[in-house]
Amino acid sequence: MIGLGLRQVQDALNRKADEVQREFVAASGRLDDIGRKRLEVTEDERRPLRAEQTALRDRQQVLADEINLWRERGRRVLNQPGQASLRAYLNELLALEDPAVTPAVKHALYLLDAPEEELERLSA
């Protein structure tokens, strides 16, 4: 039963990474738009476009790092060596207070603490 709860946590973490990745793709689209626009404008009009490109590239790097972090968190949730380590890791995820992840983490912690009778009832 806890395996299912951990899969739900992993899915929530991967959905969070996907959400950030959509933001990354949107920034890429805007960079493409700016690149085309720079070909059509005067040098004075290019300066703010170059500045926006630089800011977007910097933002993409931050987003790429964030995507990698969420994906790594998703991998780590299934690779904890024991129950104490798993509980500590889930509490770390809970401390992030991310609304996309918190419900799944709380459910997994509930499953860790549920008595055997409750787990049997849930699986039925």
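Me: Helices here are DSSP runs of H or I, at least four residues, numbered from the N terminus. Where is the place of Q61, then?
Reply: Q61 sits in helix 2. Keep in mind that this is a predicted model.

Me: Is Q61 buried, partly exposed or exposed?
Reply: Partly exposed. Its relative accessibility is 46%.

Me: Why doesn't that count as exposed?
Reply: Because exposed means over 50% and buried means under 20%. Q61, at 46%, falls in between.

Me: And how far is Q61 from D11?
Reply: Their C-alpha atoms are separated by 24 Å. Along the chain, the two are 50 residues apart.

Me: What about Q60, where is that one?
Reply: Also look in helix 2 for Q60.

Me: Buried or exposed?
Reply: Q60 is buried. That follows because its relative accessible area is 13%, and the limit for buried is under 20%.

Me: Which residues is Q60 in contact with?
Reply: F24, A27, S28 and L31. That leaves aside neighbours within four places in sequence.

Me: Let's zoom out. How many helices and strands are there?
Reply: The protein chain has 5 helices and 0 strands. Read along the sequence, that gives α-α-α-α-α.

Me: What does the chain span along its principal axes?
Reply: The C-alpha trace covers about 75 × 25 × 20 Å.

Me: How does its radius of gyration sit against a compact globule?
Reply: The protein chain has 21 Å. A compact globule of 124 residues would be near 14 Å.

Me: How much of the chain is buried?
Reply: Buried residues are 31% of the 124.

Me: And the accessible surface? What does it come to?
Reply: About 7,800 Å². Carbon and sulfur atoms account for 51% of that.

Me: Contacts next. What share join residues at least 24 apart?
Reply: 63%, counted among contacts between residues at least 6 apart in sequence.

Me: OK, the inside. Which residues touch the most other members of the largest nonpolar core?
Reply: V9, L13, V77, L90, L93 and V105. The core has 20 residues.

Me: Which elements give two or more residues to this core?
Reply: Helix 1 (2-38), helix 2 (43-77), helix 3 (83-95) and helix 4 (102-113). Helix 1 gives the most, with 6 residues.

Me: Take L90. What is it in contact with?
Reply: Beyond its neighbours within four places in sequence, L90 meets L6, V9, V77, V105, A108, L109 and L112.

Me: What about a second core? Which residues does it include?
Reply: That one is separate and has 6 residues. Among them are L31, V41, L49 and L56.

Me: I saw L31 earlier, right by Q60.
Reply: Right, Q60 is in contact with L31, and L31 belongs to the second core.

Me: Switching to charges. How many positive and negative side chains?
Reply: 20 positive and 23 negative. The centres of the two sets lie 5 Å apart.

Me: Let's pick R75. Where is it?
Reply: In helix 2. R75 is partly exposed, at a relative accessible area of 44%.

Me: What does R75 touch?
Reply: Q10 and N68, if you skip residues up to four places away in sequence.

Me: And how far apart are R75 and E19?
Reply: 17 Å in space, C-alpha to C-alpha. In sequence they are 56 residues apart.

Me: Loops now. Where does Q80 lie?
Reply: In the loop between helix 2 and helix 3. Q80 counts as partly exposed because its relative accessibility is 21%, and buried would need under 20%.

Me: Which residues is Q80 in contact with?
Reply: S85, L86 and Y89, leaving aside its neighbours within four places.

Me: How far is Q80 from L49?
Reply: 46 Å, C-alpha to C-alpha, with their positions 31 residues apart in sequence.

Me: Last one, E97. Where is it found?
Reply: In the loop between helix 3 and helix 4.

Me: Buried or exposed?
Reply: E97 is exposed, because its relative accessibility of 66% is over 50%.

Me: What is the phi of E97 near?
Reply: It is near 55 degrees. That is a positive value in a residue other than glycine.

Terms used
Residues numbered from 1 in each chain as written. Predicted model: local features only at pLDDT ≥ 70, side-chain atom pairs only at ≥ 80, totals over all residues. Heavy atoms only, no water. Core = buried A, V, L, I, M, F, W, Y, C linked by side-chain atoms within 4.5 Å. Buried < 20%, exposed > 50% of the residue type's maximum accessible area, 1.4 Å probe, protein only. Contact = heavy atoms within 4.5 Å. Rg over C-alpha atoms; globule rule 2.2 N^0.38 Å. Areas by Shrake-Rupley, 256 points an atom, 1.4 Å probe, with all protein chains shown as cover. Lys, Arg positive; Asp, Glu negative; His and termini not counted. Charge placed at Lys NZ, Arg CZ, Asp CG, Glu CD.
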